[in-house]
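The report that follows describes a protein chain in running text, moving from its overall layout to particular side-chain pairs. A small table gathers items of one kind.

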Amino acid sequence: TASCRSGLIKLIFGVFIFQSFCDEWLAQKTAKAEFVRKISTLSMKKARSPEYQKEITAGKGFNPCDVFALAAAVDDGFITESEEVAVTVELNGKHTRGMMVLDYMELLKKDHKVFIMKTMDLEKLKKMLMKAVM
């Protein structure tokens with residue numbers, strides 16, 4: 001994968017962190033863990049809701065996209081598979097309600113593409129996240 005330092009953006013696709021790890025991660029008795037816990041409360045609550053669980057298609061758990069993107073900016077060594085593709089956001093809500101659309105058919109004719117994280121070494125990421133709140 002190319003580095004974030006090259007100006008390319010990395011995004012996450014269908015990867016979840018198990019809720020039990022999130023609970024353990026945020027239970028650390030440090031100021032950093034408390035900060036992450038406070039800013040994640042709403043997202044974690046939503047991830048546990050029946051409505052959210054109905055919407056997801058790639059497994060159960062919490063998909064903290066911002067955490068993955070930040071972790072990749074710091075050290076992308078946990079990413080084991082990614083792909084480069086053009087994307088857009090469909091704004092009129094006809095098909096995706098403002099979600100990102102991947103342009104595999106290259107209909108957009110974009111020169112700039114993003115890296116989509118497909119798989120990662122979750123244990124390496126967990127260690128990185130635990131270290132971050134210590």
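A residue is called partly exposed when its relative accessible area falls between the buried class, under 20%, and the exposed class, over 50%. At 31% relative accessibility, Lys118 therefore counts as partly exposed. The model under discussion is a predicted one, and the values given here are computed from it.

**Overall layout**

The protein chain holds five helices and four strands, and, read from the N terminus, these elements follow one another in the order β-α-α-α-α-β-β-β-α. Of the 134 residues in the protein chain, 36% are buried. Among contacts in the protein chain with a separation of 6 or more, 68% are between residues 24 or more positions apart. The accessible surface of the protein chain amounts to about 8900 Å², and carbon and sulfur atoms account for 59% of that area.

**Strand pairing around E2**

Strand E2 covers residues 79-89, and E2 has pairing partners in both E4 and E3. With E4, which spans residues 114-120, strand E2 runs antiparallel, and six bridges join the two. With E3, which spans residues 100-103, strand E2 also pairs in the antiparallel sense, here over four bridges. Individual bridge partners can be named for each pairing: Glu81 has Thr119 as its bridge partner in E4, while Thr88 stands opposite Val101 in E3.

Thr119, which lies in strand E4, is partly exposed, with a relative accessible area of 32%. Leaving aside residues up to four places away in sequence, Thr119 touches Ile79, Thr80 and Glu81. The C-alpha atoms of Thr119 and Phe78 are separated by 8.9 Å, although these two residues are 41 residues apart along the chain.

**Salt bridges**

How many salt bridges does the structure hold? There are six salt bridges in the structure, and the table lists some of them, with the N to O distance and the relative accessible area of each partner.

| Salt bridge | N to O distance | Relative accessible areas |
|---|---|---|
| Glu34 and Arg37 | 2.3 Å | Glu34 30%, Arg37 28% |
| Glu81 and Lys118 | 3.9 Å | Glu81 37%, Lys118 31% |
| Glu106 and Lys113 | 3.7 Å | Glu106 48%, Lys113 23% |

The side chains of Glu81 and Lys118 meet in a salt bridge with an N to O distance of 3.9 Å. This pair links distant parts of the chain, since Glu81 belongs to strand E2 and Lys118 to strand E4, with their positions 37 residues apart in sequence. Glu81, at 37% relative accessibility, counts as partly exposed.

The setting of Glu34 and Arg37 is a helix: the two are three residues apart in helix H2, residues 31-48, and so are separated by about one helical turn. Both ends of this salt bridge are partly exposed, with Glu34 at 30% and Arg37 at 28%. Glu34 and Arg37 are also linked with Lys38 in a network of salt bridges.

In the salt bridge between Glu106 and Lys113, the closest N and O atoms are 3.7 Å apart. Glu106 is partly exposed, with a relative accessible area of 48%, and Lys113 is likewise partly exposed, with a relative accessible area of 23%.

**An aromatic pair in helix H1**

A pair of aromatic rings is described by the distance of the centres and the angle of the planes. The structure holds one aromatic pair. That pair is formed by Phe21 and Trp25, whose rings are stacked, with 6.2 Å from centre to centre and 10 degrees between the planes. How far apart in helix H1 are Phe21 and Trp25? The two are four residues apart in helix H1, residues 19-26, so that about one helical turn separates them. Are Phe21 and Trp25 buried or exposed? Both residues are buried.

**A nonpolar patch at the surface**

Val89, Leu91 and Met100 make a nonpolar surface patch of about 300 Å². One of these residues, Val89, lies in strand E2. Because residues in a patch must have over 30% relative accessible area, the value for Val89 is of interest here: Val89 has a relative accessible area of 42% and is partly exposed.

Conventions: Residues are numbered from 1 along each chain as its sequence is written. This is a predicted model: local features need pLDDT of at least 70, side-chain atom pairs count only at pLDDT 80 or more; totals for chains, interfaces and linings use all residues. Side-chain values use heavy atoms; hydrogens and water are left out. Buried means under 20% relative accessible area, exposed over 50%, partly exposed in between (1.4 Å probe, protein chains only). Contact means heavy atoms within 4.5 Å. Accessible areas come from the Shrake-Rupley method with a 1.4 Å probe; for residues, only the protein chains shown count as cover. Rings of Phe, Tyr and Trp (its six-membered ring) pair if their centres lie within 6.5 Å; planes under 30 degrees apart count as stacked, over 60 as edge-to-face and the rest as tilted. Patches are made of residues with over 30% relative accessible area and no salt bridge: like charges are joined within 9 Å, nonpolar side chains (Val, Leu, Ile, Met, Phe, Trp, Tyr) within 5 Å. A salt bridge is a side-chain nitrogen of Lys or Arg within 4 Å of a carboxyl oxygen of Asp or Glu. Two strands pair if DSSP finds at least two bridges between them.
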